[in-house]
Structures are given as structure tokens and as C-alpha cells.
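Student: I am new to this structure and would like a close look at one part of it, namely the salt bridges and the residues that form them. Could you take me through them slowly, and say where they sit and how far to trust what is shown?

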Amino acid sequence: MEEEGSKENAELVREMVEVIEKVGSYVGFRRTQSKECLNLVRRLKLLVPLLEEIRDLDSDEALSCSCLLNLKKALFAAKKLLKKCNSGSKIYLALESEAVRCRFHGVYEKLNQALNEMHYHKLGISEEVTEQVELMHMQLNRAKRRTETQDMELAMDMMVVFSKNDDRNADGAIIERLAKKLDLHTVADLTTETMAIKKLVKGRSVHNPETVQQVEDLLEKFKQKVGIEESCILDCPLSSTSLERSKSLLIPHEFLCPITLEIMADPVIIATGQTYERQSIQKWLNSGHKTCPKTGQNLNHLILAPNFALRNLILQWCEMNNIDLPMKDVTDGPDPESFALIEEISSLIQNLYSSQMDVKRDTIFRIRTLSKENPDCRILIADGGGIPPLVRLLSYKDFEIQEHAVTSLLNLSLDEANKRLIAGEGAIPAIIEVLQNGTEEARENSAAALFSLSILDENKVLVGSLNGIPPLVNLLRTGTTRGKKDAATALFNLVLNQANKSRAVKAGIIPALLCLLEDKNLGMVDEALSILLLIASHPEGRNEIGKLSVIQNLVEIVRDGTPRNKECATAVLLELGSNSSSCLLAALQYGVYDYLIEITRNGTSRAQRKANSLLHLMSKCEHIPFVSPKS
């Protein structure tokens, strides 16, 4: 019996070592969970020496099989979670980042419990290995207590994109930024993501239809941004009816467009030497991309040259195999409209230097229009030297020209490369000046421009140091509804920088946010709470919040707000309460306890977690018995 038990233990050890080796081979974890995944893999590897010593045990002290089985269950739970973070839907994992973090904590708990069952000294485990396991214990306990700083910019962008009432939900800059953060900006990325979402839906691991719809909607926006149609990813490659008749044929790989994976009717060569179907690569370029989809190389020019040799080979192959190519217009040269556009932009940039007021005004309005409608124009205007004269016109005494100039720079800044160029020309202090003294529309577009430019961390610092935060707070307080939204978005982005939190508090952002919380007709409660959450992480912010009636407003939102409002307000109270027992006491005096109990039963999943954490914190600080929602 003892020999059988030994063999069974050895088999369990072998399986567990294989699991650790397998998770160690995973590469490219999703960015939203990457740090947590890498830390978990590193900790699991610390178990290998322990398992090897258990396998080689020659001791009278038998290791119970149940003890190893519990460790095996914990390791398989870790493997399942890591696999999901390695190959699961990037959009879904970002949307459910809080829930995934809770799953990590569950894995830590299982590992700790399994390791606690082992009697290392009785088993004869070496002192060195025992110390390693104890180190892992400490790391797991620390990981359970620590909450990773949430990417608030990502969270805010996700909130805006999924909002049905926010007219920014299709904003190109936000979609581009999300695509970059989630690594979903190439055709290959989107193809892989589509397969992951299909697997997610097919496996029925998501029970909320609204969540599935949100994931699919955002995927569609990413695909539109790249310039590919639904059929390019979701449909089976080679979907034309003529090719359906010849499924047994193996089409030469070089005949297929790398974007659509369909046989090419009008192949063209781009600057890198790669060949694509004209229609597909043109959509890619029209979406503002300046790189080769296949290689990622920057394109020196955007001219498409027909690949006559390859087209003749494709036609010969189709004729031999009785295949009809899809009918498409075949072009023999570069698009004449592109040349006309380049000439027009060159002429417009020259006219920006004109001494005639009417010419200058008409020119800048045309540049504003082109840079808004056509992503390709943003590149051409910047490459043609249009940014320096536009920056100079920000200081022009004519308010109309000033308004067109700042709006043109806002449009140009939607191209990532232009953000650094615009800031490098000294535009930020001039934009702040327009924000303070311009027309109403110019002030609104100045705020939007500062938001766009401050996507770059160095520009966050620059806007703050150049005193750009006080006029934004003023717009948040006194502007139109659109102006308030533009100011809120810019301020949210800027206070991601620690020094800017203090500047915003000194500029009076908390009273302004309190007004947004009280004015329910504005529909900006979520934005105000998101900014307040960031400010609450700063000592000056917490101190200022304590002086005002913010706590009472937060409790009222926890009681009467929308599910999303309640979730955000609870998160702010948790942040405040974690650093100040007086804030907890104030919230209790306003009756928050009963409202939190209700949220633990009927709130969103994230709100329930925040409410439970806040109740637990209150029970420790104020000796209130912690009431589980299940009781």
C-alpha cells in the first residue's frame, strides 16, 4: 500500500511540474493583466524545487495524497486563469479587469491553503526549499492585500465608448488610443481577437448578453478604424462563389491579399515592396495608417504601383482551373485625386503666410475642414510644413482665425505622430491663451486639443507647468455642456500626473466637481466621480474633500444613483475611507451602511466588490459587525 501511495504521489508531482513548465512557456499576456500574470508565473516556478524533493522523498512520514491533490487543483486553477490571460479576448479582459483580479486572488488563496497543509520539517524538506516556500507565502499574502493601480485612462475611455448617452462614444482619438492600449491596431491583431471572441461566446462563459454586445461593438469600431469590413475577418477566407465551387484547389499563398486572405483581382505594390489588393490597402491608408500592415515598416510614400506580373500569373492560374475572378475596377496608375489633394494642401500652406486677411481666413477654414474629414490629410498637412504657421495664427488678433487655427490643430493632433510635432512648435502655451480668452467654441476646442496632446506623458507635465489647469477648471465650472465635457476629459487625463493633482485642487476642481454631482440634468456624474477618484488618491485632495459636503453627495449617489453611478461613488468612498477614518465616520452618519448592504445584493459585480470591501473596512474601524450579503 505504501508503495502504491508513493507511485501515486510521484504521478501527481509529475503532473504539477508539467503544469508549471506549461505556464512558463506562455508568452504575450494581455496587457491589462500582464504584470499579475508574470508575477504568478514567477511564484509558481518557486514550487519546482519543493515538488522535486517531494518526488524523491525517502521518509517514514507519508505525504497525504489529499494534500497533493489540493495543490494540484490550485495549480490547475492558476493554469486556466493564465491561459485565459494569454489567449482570451483582450477587450473582454479589459472590460472585466476587476473580476479577473478577484480570480487571481482566489488562486492565491488556494495555493496558500494547499501549502499550509504540508509539514515541511516532518517530511524532511531542506531548509533552503522551506525558506523558498515561506517567501512565496509572503508574496501571495502581499499580492492579496495589494490592489494594482487601475489604468484610469483606459477605464475612462472604456466608459465613454460604452456610454449610449455620450456623443464622444465614437470619437476617433479615443478609439485609436484604446486600440493602442489593447494592442488591437493591425489586421492580424483583429483577426486573432475575433477568434477569441467567437470562442468566448461559443463557450458560454459570459452570461450577460449586454457584456457580449459591448465587446462585439468595440471590436467593430476597431475594424472600421483599420479600414476593413466585417467580411474580412468574420467570414471564411476566399468567400467568393466562384472559389466556393473549387474548395479542393490549393490557391498559391502569394495570390492572396495579406489583409483579406482573398485572391487578388487588382494587386498593387506599396513602398515596402509588399503586394496587396488595391481596395483593401487603400482602405488601410485612408484610415490614417502610414505603415505596411504585414511588416509594420513606415511607408516613405503612399503611391500604389500595379503589380502586372503577379496579376498575369493569377489570371493564368484562374483560367487553368476554370475560376472566375471577382469583378473589380482595375486601375493602371496612382489615384489622380491623391495628386490633386497634395497640390491643394501645398497651396493652402503657402496661403497661410498671405498678408491678405480674407485669403488667410478662407485658407485656414479649408484646412480645418480637410483635417477633420480626411485622416490622410492630417499627415499631408504636417508633412507639408503646415503646423508652424497654424501655431503662429493662435496668437492672431482675429478671433475667427484663432478659432479655426486651434480647431485645425485639434484635428491634426488626432494623428499620434503629430502630437509631439505640435507641442514641439510651442503650441501648448498659445492654446492655453485661447482657452482663457477665445470665443466659446475656441475655448471648447482648446480644451479638447489639450486633452488630445496630453495623451503623451511629457505634455501632461507641460500643460500643468504652463498653468493650463486653472482655465480648464474655470471652463468646467462656467462652460456650456459641451465645454464642461471637454474640460472634464482634459482634466481627467492631466490629473493622472501626480503633480497635476495638487495643481487641480489649488485651482478649485473639487467645488466644480461637486456642482457636476449635484446637477443631475448635465449627465456628467460618472465623469465627475472618475476625476474625484483620482483626486482622492492625493493627500491635498482628501483634505479638501473633507472640508466640503462631498461625502454627503457621494452617499446620496450610493442611495439613488444609476448602477454605474453607485459603483463609481462606492469606489471613491473606499479610496477616501482607506486613508481617513473621519471620512468613514461621516459616511456612516449619512446612512451609507444600509445602502452598501443593498448594493452587495443587487449592484453590479464591481460595485458589489467595492461595497464589500468598504463594509469590511468599516467593521474594522468602527466595530460594526460585517454583514455578508449571503446572510
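Tutor: A residue is called buried when its relative accessible area is under 20%, exposed when that area is over 50%, and partly exposed in between. With that cut-off in hand, Glu444 is buried because its relative accessible area is 6%, whereas Arg482, at 41%, is partly exposed. The side chains of these two residues, Glu444 and Arg482, meet in a salt bridge, with 3.4 Å from N to O. Glu444 belongs to helix α24, residues 440-453, and Arg482 to helix α27, residues 481-494, so this pair ties together parts of the chain that are 38 residues apart in sequence.

Before going further, please keep in mind that this is a predicted model, and that the pLDDT of the protein chain averages 82, with 85% of the residues scoring at least 70. Over residues 231-248, however, the pLDDT is below 50, although the model gives this stretch 30 contacts beyond near neighbours in sequence. Residues 627-631 also stay under 50 in pLDDT, and for them the model has seven contacts beyond four places in sequence. Where pLDDT is low, the predicted coordinates should not be read in detail.

Returning to the salt bridges, a search of the whole structure finds 21 of them, and several share partners, joining Asp358, Arg361, Asp398 and Glu400 into one network. Within this network, Asp358 forms a salt bridge with Arg361, where the closest N and O atoms are 3.4 Å apart. Both Asp358 and Arg361 lie in helix α18, residues 357-373, and they are three residues apart, which is about one turn of the helix. The surroundings of the two differ in accessibility, since Asp358 is exposed, with a relative accessible area of 53%, while Arg361 counts as buried at 19%.

Arg361 also takes part in a second salt bridge, in which its side chain meets that of Asp398 at 2.9 Å, N to O. Here Arg361 is in helix α18, but Asp398 is in the loop between α20 (387-393) and α21 (399-412), so the pair ties together parts that are 37 residues apart in sequence. Asp398 is itself buried, having a relative accessible area of 17%.

To place these pairs in the wider fold, it helps to know that the protein chain has 36 helices and three strands, and that buried residues make up 51% of its 631 residues. Among contacts in the chain with a separation of 6 or more, 71% are between residues 24 or more positions apart.

A helix pair elsewhere offers another kind of contact to look at. The axes of helix α2, residues 34-45, and helix α6, residues 97-116, come within 12 Å and cross at roughly 10°, which means that α2 is roughly parallel to α6. On the α2 side the contact is made by Glu36, Cys37, Leu40, Arg43 and Leu44, and on the α6 side by Arg101, Phe104, Val107, Tyr108 and Leu111. Seven of the residues in this contact of α2 with α6 are nonpolar and three are charged, with no polar ones.

How values were computed
Residues numbered from 1 in each chain as written. Predicted model: local features only at pLDDT ≥ 70, side-chain atom pairs only at ≥ 80, totals over all residues. Heavy atoms only, no water. pLDDT = per-residue confidence, 0-100. Contact = heavy atoms within 4.5 Å. Salt bridge = Lys/Arg side-chain N within 4 Å of Asp/Glu carboxyl O. Helix = DSSP H or I, 4+ residues; strand = E, 2+ residues; numbered from the N terminus. Buried < 20%, exposed > 50% of the residue type's maximum accessible area, 1.4 Å probe, protein only. Axes fitted to C-alpha atoms, helices over the stretch in contact; angles between N-to-C directions. Parallel < 35°, antiparallel > 145°, perpendicular 65-115°, else oblique. Nonpolar A, V, L, I, M, F, W, Y, C, P; charged D, E, K, R; others polar.
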